[in-house]
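Please look over the sequence and the model below before reading on. The paragraphs that follow lead from the ligand and its surroundings to two details of the backbone.

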Amino acid sequence: MARPRISLIGAGNIGGVQAQLIVQKQLADVVLFDVVEGLPQGKALDINHALDAWGTSCTVTGTNSYEDTAGSDVYIVTAGLARKPGMSRDDLLSTNLGIMRQVAEGIRKASPDAVVIVVSNPLDAMVYAMKEISGFPPQRVFGQAGVLDSARFKFFVAEALGVAPRDVVAIVLGGHGDTMVPLPRHCSVNGVPLTELMDKAAIDAIVERVQGAGGEVVGLLKTGSAFVSPAAASVAMAESVILDQKRVLPCAAWLDGEYGASGVYMGVPVQIGAGGVERIFEIELDASEKKLMQASLAHVEKLISGIEL
Ligand code: A3D
């Protein structure tokens, strides 16, 4: 039986780490694509020379041609510019939209039945563009943001309480930007409510840090944005598709009335399996949480209205 195949569009900082994680997990063979000649081939060769040390049989192929990605089960898209200090994610819109057009057309021709996970920023707008241009059903096109934003939330809580990050249950909804909506009322340490473990001021400080965590990394790195954690988050989503794990993860999903939103992508809890987004869960929000989701939705809608396809 042939191994599954994951194609990574963009062989930059995130793409390189994704390739490494996928083969280390023995999840799938990887095709690493980029428009820069030599970059995906060089990264592929380097990773293949580590297969012996990792004891894995999955391999990476580097390419500048979409034809080499044909028959992929999953694509993860990181093609595009990343932020530099002083830039917001929204500043990337026009450049990355042009790139998304090429990528969506390349994927549609090479693998019309694939599931596509978008990571390029501004995330909610790029995943929208991917769906519109590819013409794929919305269940097969979704975006990574909430898995990473929630992981940041979990880490900051774990760090403050001195507990294991994996024992923190936390979720971040809404658009991927300054208006994202961490939900402390739904956060627990394996069932023990966060609100019983920390006071309001400490929780508010963590919420604010989660919202600015991407910018915090950009400010420290100065040459680009976070890349290890976005790679880990997006590979976890791809893994749930490839292995039909039915994981429930916060992802940018196409909304058709859920959370009062229609015709947009925004971060909500979804079930991810072989078919992509198989189910959307609606959480009962209180009045203040609803207000934050409305503000986030308004921001995403404004961003999308600037898209000319
Ligand atoms: P970077 O290391 O610059 O890699 C991007 C790669 O895309 C480069 O190798 C480019 O050559 C390549 N590229 C450019 N145009 C095309 C094209 N037309 N087709 C294929 N490849 C192309 O950036 P990165 O890997 O650090 O980040 C990639 C994207 O992810 C950026 O848009 C970031 O803003 C975004 N990002 C998203 C998150 C989320 O959580 C949503 C987190 C971190 C970064």
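A polar contact is a pair of N or O atoms within 3.5 Å; within protein, one must be able to donate a hydrogen and the other to accept it, and residues adjacent in sequence count only if both atoms are side-chain atoms. This is a predicted model, in which local features need pLDDT of at least 70, side-chain atom pairs count only at pLDDT 80 or more, and totals for chains, interfaces and linings use all residues. Residues are numbered from 1 along each chain as its sequence is written, and side-chain values use heavy atoms, with hydrogens and water left out.

With that in mind, begin at D34, where a polar side-chain atom lies 2.7 Å from an oxygen atom of the ligand. The backbone takes part as well: a backbone N or O atom of G80 is 3.3 Å from a ligand oxygen, and a polar backbone atom of G12 is 3.5 Å from an oxygen atom of the ligand.

How many residues surround the ligand? There are 28, and the closest are N13, D34, L81, Q102 and V119, where a residue is near a molecule if one of its heavy atoms lies within 4 Å of it. Helix 4 (93-110) gives the most to this shell, with three residues, and helices are DSSP runs (H or I, at least four residues), as strands are (E, at least two), numbered from the N terminus. Domain 1 (5-143) and domain 2 (146-305) both give residues to the shell, so the ligand lies between them; the domain bounds come from an automatic or database domain assignment.

Finally, turn to the backbone itself. Most residues other than glycine have a negative phi, and most peptide bonds are trans. A cis peptide bond, however, joins N121 and P122, with omega about -10°, and P122 lies in the loop between strand 5 (115-118) and helix 5 (123-134). K222, a residue other than glycine, has a positive phi near 70°, and K222 is found in the loop between helix 8 (213-221) and helix 9 (228-242).
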